[in-house]
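This report considers selected features of the structure shown below. Please consult the sequence and the model alongside the text.

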Amino acid sequence: MEVQQVIGIEAARRCIIEEIKYTMASHGMTIDLRHMMLLADLMTFKGEVLGITRYGIQKMKESVLMLASFEKTADHLFNASVNGRDDKIEGVSECIIMGIPMQIGTGTLKVMQRVDEQPNPGLDPML
């Protein structure tokens, strides 16, 4: 938080990456840099440092099902139903909960088949 206030959000993102790397290395674990960058991007994409906690995730997304998948499921679903909130079901968590194929990766493509029209059997000349 202090790095963000003094130097800026990009410096805070880099600091998050370095802290994750240091913490994991001190426990003898290695994580691919791309995963750490993804986590740091997620924590800073709103222009402020948000933790991966119940409060940080509430600020990140408006999706009811995504919030319910993280913590306090009944509370989130109850509040959403009382307030009449809807969910577009666009994220990974929401699609998994609803059993809908995700629209990422190979799920973005739809396979189509061209069907040639069959001639009308009543109008064909007989052989």
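## F45 and the surface patch

In this predicted model, F45 lies in the loop that runs between helix 3 (33-44) and helix 4 (54-60). The relative accessibility of F45 is 47%, so this residue counts as partly exposed; the buried class would require a value under 20%, and the exposed class one over 50%.

F45 also belongs to a nonpolar patch on the surface, together with L39, L42, I52 and F70. The accessible area of these residues together is about 410 Å².

## The largest nonpolar core

In soluble globular proteins, nonpolar side chains tend to be buried together. Here, the largest nonpolar core comprises 8 residues: A12, I16, I17, I20, M36, A40, M43 and V49. At least two residues of this core are supplied by helix 2 (9-26), and at least two by helix 3. Helix 2 provides the largest share, with 4 residues.

One member of the core, A12, is in contact with V3, Q4 and V49, when residues up to four places away in sequence are not counted.

## M66 in helix 5

M66 is situated in helix 5, which spans residues 64-70. Is this residue buried or exposed? M66 is classed as buried because its relative accessible area is 12%, and the limit for that class is under 20%.

The C-alpha atom of M66 is 7.6 Å from that of G91, while the two residues are 25 residues apart along the chain.

Conventions:
Residues numbered from 1 in each chain as written. Predicted model: local features only at pLDDT ≥ 70, side-chain atom pairs only at ≥ 80, totals over all residues. Heavy atoms only, no water. Patch = residues over 30% accessible without salt bridge, like charges linked within 9 Å, V, L, I, M, F, W, Y side chains within 5 Å. Areas by Shrake-Rupley, 256 points an atom, 1.4 Å probe, with all protein chains shown as cover. Salt bridge = Lys/Arg side-chain N within 4 Å of Asp/Glu carboxyl O. Buried < 20%, exposed > 50% of the residue type's maximum accessible area, 1.4 Å probe, protein only. Core = buried A, V, L, I, M, F, W, Y, C linked by side-chain atoms within 4.5 Å. Contact = heavy atoms within 4.5 Å.
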